[in-house]
Amino acid sequence: MFIAARCIWEKESTYGTLTNENIYKVAVGKYTSDISIKDNDFTQIIDVDLIFLKESYNGSSGYNTDDLAIITLNKQVTISDFVMPVCIDWSKRSEQYTIPNGSNGKVVGWGKTEIKVNVSYIEKNTCRDMYANEFQSLVTADKFCAASPLGQNITEIFIGSGFTYERDTFNFLTGIVSVMDKIDTNTNDLFAVFTDVSYHIQWIGQFTKDVSNASEYILL
């Protein structure tokens, strides 16, 4: 499972591999954010085993470059009609990762309940050209942007959530919400910066079993 490193990183104390120490749990099949409540028969609340962070991540002082962490669980998630995986593309062929500007994806986050918004993809160079202020420096080499329309704005509750893009009837994990800008006063859109999963695909592969023998797409 994936999350933004900033969600768990602490300056000068968090690098590399973290053990859970009964601090973190993962819930799937839930519609409310209270971890103590099992919403349904298909809800699963699972202890975290290990958390892996990129050692180069250095928080806001590093412009949130490499804002990505991998979470492993102490038991396997049971897949059902209500708990579904998302795809990771291991092909490493650049054309597989090309998403046209303006293409729609989805981001799911939490308030008191689950919130889903549609967002428009903006590749990093286009996004950088849109800014002349300090926000431009946050669109680092491993990032892309997305805009959410009025009434569906990505807010702080979405930090660490995944951006999924549908291709060939499969939903692919494309990015993780990293940082956000203020609302554009001309369009009322809110822009968010995402860590690009494809940029980190080799690092991710270190923690995934049997990648070398896998098919082009792997479900996580």
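Select Asp89 and Arg167 to begin: in this predicted model, the two residues form a salt bridge whose closest N and O atoms are 2.6 Å apart. Asp89 belongs to strand 6 (residues 87-89) and Arg167 to strand 10, so the salt bridge ties together parts of the chain that are 78 residues apart in sequence. Are these two residues buried or exposed? Both Asp89 and Arg167 are buried.

Keep Arg167 selected and add Phe172. Arg167 lies over the face of Phe172, at 4.2 Å from the ring centre. Arg167 therefore appears twice on this tour, as a partner of Asp89 in a salt bridge and as a residue placed over the ring of Phe172.

Next, select Lys30 and Asp39. These residues form another salt bridge, with the closest N and O atoms 2.5 Å apart. Lys30 has a relative accessible area of 5%, and because buried means under 20%, Lys30 counts as buried. Asp39, at 23%, is partly exposed. Then move to Asp142 and Lys143, where the closest N and O atoms of a salt bridge are 3.0 Å apart. Both of these residues are buried. In total, the structure holds four salt bridges.

The tour now turns to aromatic rings. A search of the whole structure finds eight aromatic pairs. Select Tyr31 and Phe42: the ring centres are 6.3 Å apart and the planes stand at 85°, so this pair is edge-to-face. Both residues sit in the loop between strand 3 (25-28) and strand 4 (44-53), 11 residues apart. Tyr31 is partly exposed, with a relative accessible area of 41%, whereas Phe42 counts as buried at 19%.

Now select Phe163 and Phe194. Their rings form an edge-to-face pair, with 5.4 Å from centre to centre and 75° between the planes. Phe163 is in strand 10 (residues 162-167) and Phe194 in strand 12 (residues 190-196), so the pair links parts of the chain that are 31 residues apart. Both phenylalanines are buried. Add Tyr121 and Phe144 to the selection: ring pairs link Tyr121, Phe144, Phe163 and Phe194 into a cluster.

Finally, display the whole chain. How many helices and strands does the protein chain have? The chain has two helices and 13 strands. Of its 220 residues, 45% count as buried. Among contacts between residues at least 6 apart in sequence, 65% join residues at least 24 apart. The accessible surface comes to about 12000 Å², of which 48% belongs to carbon and sulfur atoms.

Methods. Residues are numbered from 1 along each chain as its sequence is written. This is a predicted model: local features need pLDDT of at least 70, side-chain atom pairs count only at pLDDT 80 or more; totals for chains, interfaces and linings use all residues. Side-chain values use heavy atoms; hydrogens and water are left out. Rings of Phe, Tyr and Trp (its six-membered ring) pair if their centres lie within 6.5 Å; planes under 30 degrees apart count as stacked, over 60 as edge-to-face and the rest as tilted. Helices (H or I, at least four residues) and strands (E, at least two) are DSSP runs, numbered from the N terminus. Buried means under 20% relative accessible area, exposed over 50%, partly exposed in between (1.4 Å probe, protein chains only). A charge sits over a ring if NZ of Lys or CZ of Arg is within 6 Å of the ring centre and within 35 degrees of the ring normal. Contact means heavy atoms within 4.5 Å. Accessible areas come from the Shrake-Rupley method with a 1.4 Å probe; for residues, only the protein chains shown count as cover. A salt bridge is a side-chain nitrogen of Lys or Arg within 4 Å of a carboxyl oxygen of Asp or Glu.
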